[in-house]
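Biologist: Could you take me closely through one part of this model, explaining what each term means as you come to it, and then follow its neighbours outward?

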Amino acid sequence: PIICVGETKADYQQGRTYALLEEQLMPVRQAMHANDVCVIAYEPVWAIGTEIQPSTEHVTKVFSWLREYCADHLPSITIRLL
């Protein structure tokens, strides 16, 4: 499966990006099984269809957080980040 995650502009401005991503990934933790493979696609909702782009720093931090989250909570799942 391809799991699409991302935060709204309000969540981003309130510093809730990681809490929201964790909420969005909870069903993945419950549905995936050992040795499953999935793709997690991150895109901030506030950047879809707008001319606003997230900074490289923001995306780098989110991908780092996603890698750590997956290693801690989905260690037996093969995850590809997009």
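Modeller: A residue is called buried when its relative accessible area is under 20%, exposed when that value is over 50%, and partly exposed in between, with a 1.4 Å probe and protein chains only. Helices (H or I, at least four residues) and strands (E, at least two) are DSSP runs, numbered from the N terminus. The model is predicted, so that local features need pLDDT of at least 70 and side-chain atom pairs count only at pLDDT 80 or more, while totals for chains, interfaces and linings use all residues. Residues are numbered from 1 along each chain as its sequence is written, and side-chain values use heavy atoms, with hydrogens and water left out.

The part I would choose is helix 3, which covers residues 56–73. The expected span of a helix is 1.5 Å times one less than its number of residues, and for the 18 residues of helix 3 this gives 26 Å, in agreement with the 25 Å that separate its end C-alpha atoms. Its buried residues are His58, Val62, Phe63, Trp65, Leu66, Tyr69 and Cys70. Seen down the helix axis, these buried residues fall within an arc of 165°, and therefore they line one face of helix 3; the arc is that of the directions from the helix axis to the C-beta atoms. Thr56, Glu57, Arg67, Glu68 and Asp72, by contrast, are exposed on the other side of the helix.

What does the buried face of helix 3 pack against? Taking contact to mean heavy atoms within 4.5 Å, the buried residues pack against helix 1 (9–13), helix 2 (17–31), strand 2 (37–42) and strand 3 (78–81). Some of this packing belongs to a nonpolar core, a term for a set of buried Ala, Val, Leu, Ile, Met, Phe, Trp, Tyr and Cys residues joined through side-chain atoms within 4.5 Å. The largest such core has 17 residues, and those with the most contacts inside it are Ile3, Val5, Leu25, Ile40, Tyr42 and Leu66. Strand 1 (2–5), helix 2, strand 2 and helix 3 are the elements that give two or more residues to this core, and the largest share, 6 residues, comes from helix 3. Leu25 illustrates the packing, for beyond residues up to four places away in sequence Leu25 touches Ile3, Val5, Ile40, Trp65, Leu66 and Tyr69.

A polar neighbour is also worth following. Thr17, placed in helix 2, is buried at a relative accessible area of 6%, and apart from neighbours within four places in sequence it is in contact with Glu7, Asp11, Tyr12, His58 and Val62. His58 and Val62 are among the buried residues of helix 3.

Cys70, another buried residue of helix 3, has a relative accessibility of 6%. A disulfide is a pair of cysteine sulfur atoms within 2.5 Å; the sulfur of Cys70 is 7.0 Å from the closest cysteine sulfur, in Cys38, which is too far for a bond. Cys4 is exposed, with a relative accessible area of 63%, and its sulfur lies 11 Å from the closest cysteine sulfur, again in Cys38 and again too far for a bond. The count of disulfides comes to 0.

Charged pairs come next, and here a salt bridge is a side-chain nitrogen of Lys or Arg within 4 Å of a carboxyl oxygen of Asp or Glu. The structure holds 3 salt bridges. In one of them Glu57 pairs with Lys61, the closest N and O atoms being 3.1 Å apart. These two residues are 4 residues apart in helix 3, which means that about one helical turn separates them. Glu57 is exposed at 51% relative accessibility, whereas Lys61 is partly exposed at 46%.

Outside helix 3, Asp11, Arg16 and Glu23 are linked in a network of salt bridges. Arg16, partly exposed at 29% relative accessibility, has its closest N and O atoms 3.3 Å apart in the salt bridge with Asp11 and 3.5 Å apart in that with Glu23. Of its partners, Asp11 is buried at 14% relative accessibility, while Glu23 is partly exposed at 47%. Asp11 also brings us back to Thr17, since the two are in contact.
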